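Student: Please take a close look at the aromatic pairs in this structure and how they join up.

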Amino acid sequence: MTPQWLQKAATGGNLVAALVLWLGFSVFLFNAGAYQSVQAAAGGAKLLEERFGYTSTQAGDFLQTLGNDGRAAYRSFQFWDGLNALLMAVAFTLALAFALSRLLFARNPLRLIAFLPLLAGLCEWAENAALLSMLSSFPNEAPTVCSMASALTRMKLALGFSVMPLTVLAFLALGIKALRQRLKK
């Protein structure tokens, strides 16, 4: 069920490289990039993409609180956040494909779980586009765009919070399988 190109790409070396690249970029983005400026402008409040849903009024209040400089930083952050989403989607897709291809038979439909990080990444990109649209139209409210952004945020967070434990479980199962094979020898 996993495409041949993904199985070939899901090597240990590619996986380690993707994880190191994503983790390094994430550390930079959230500790030294525009994120810190947005956090400061928001007075430490959670960004819209960190909340499990929000209304048009809550989004408008948040954008108003940011001020002009904060909104400019938030706009900048959306582009870097999109790159982070891409790196994370690649890293976790490779991780799941690596583990699941070693645990499950080739035609097992559960191998499709490896594509959940890509779906989460697509939700992130669409959410970022909606947030950029809201920033561009500010101070005018865009309730339809806000509703879409909020729904995409919920979907992204749900998928993201599912992907990480699934990846850990897949690697635990892979470790148990390897241990059992060693004990049989």
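Tutor: What follows deals with one group of rings, then with a charge over a ring.

This is a predicted model, in which local features need pLDDT of at least 70 and side-chain atom pairs count only at pLDDT 80 or more, while totals for chains, interfaces and linings use all residues. Residues are numbered from 1 along each chain as its sequence is written, and side-chain values use heavy atoms, with hydrogens and water left out.

A pair of aromatic rings is described by the distance of the centres and the angle of the planes. Rings of Phe, Tyr and Trp (its six-membered ring) pair if their centres lie within 6.5 Å; planes under 30 degrees apart count as stacked, over 60 as edge-to-face and the rest as tilted. The structure holds seven aromatic pairs. One of them joins Phe 30 and Tyr 35, edge-to-face, at 4.9 Å centre to centre and 80° between the planes. Tyr 35 also pairs with Phe 77; this pair is tilted, with 5.6 Å between centres and 50° between the planes. It links distant parts of the chain, 42 residues apart: Tyr 35 is in helix H3 (residues 34–41) and Phe 77 in helix H4 (residues 56–103). Helices here are DSSP runs of H or I, at least four residues long, numbered from the N terminus. Ring pairs thus link Phe 30, Tyr 35 and Phe 77 into a cluster.

Buried means under 20% relative accessible area, exposed over 50%, and partly exposed in between (1.4 Å probe, protein chains only). Phe 77 is buried at 2% and Tyr 35 is buried at 12%, whereas Phe 30 is partly exposed at 26%.

Elsewhere, Arg 102 lies over the face of Phe 98, 3.7 Å from the ring centre; a charge sits over a ring if NZ of Lys or CZ of Arg is within 6 Å of the ring centre and within 35 degrees of the ring normal.

Definitions and conventions: Helix = DSSP H or I, 4+ residues; strand = E, 2+ residues; numbered from the N terminus.
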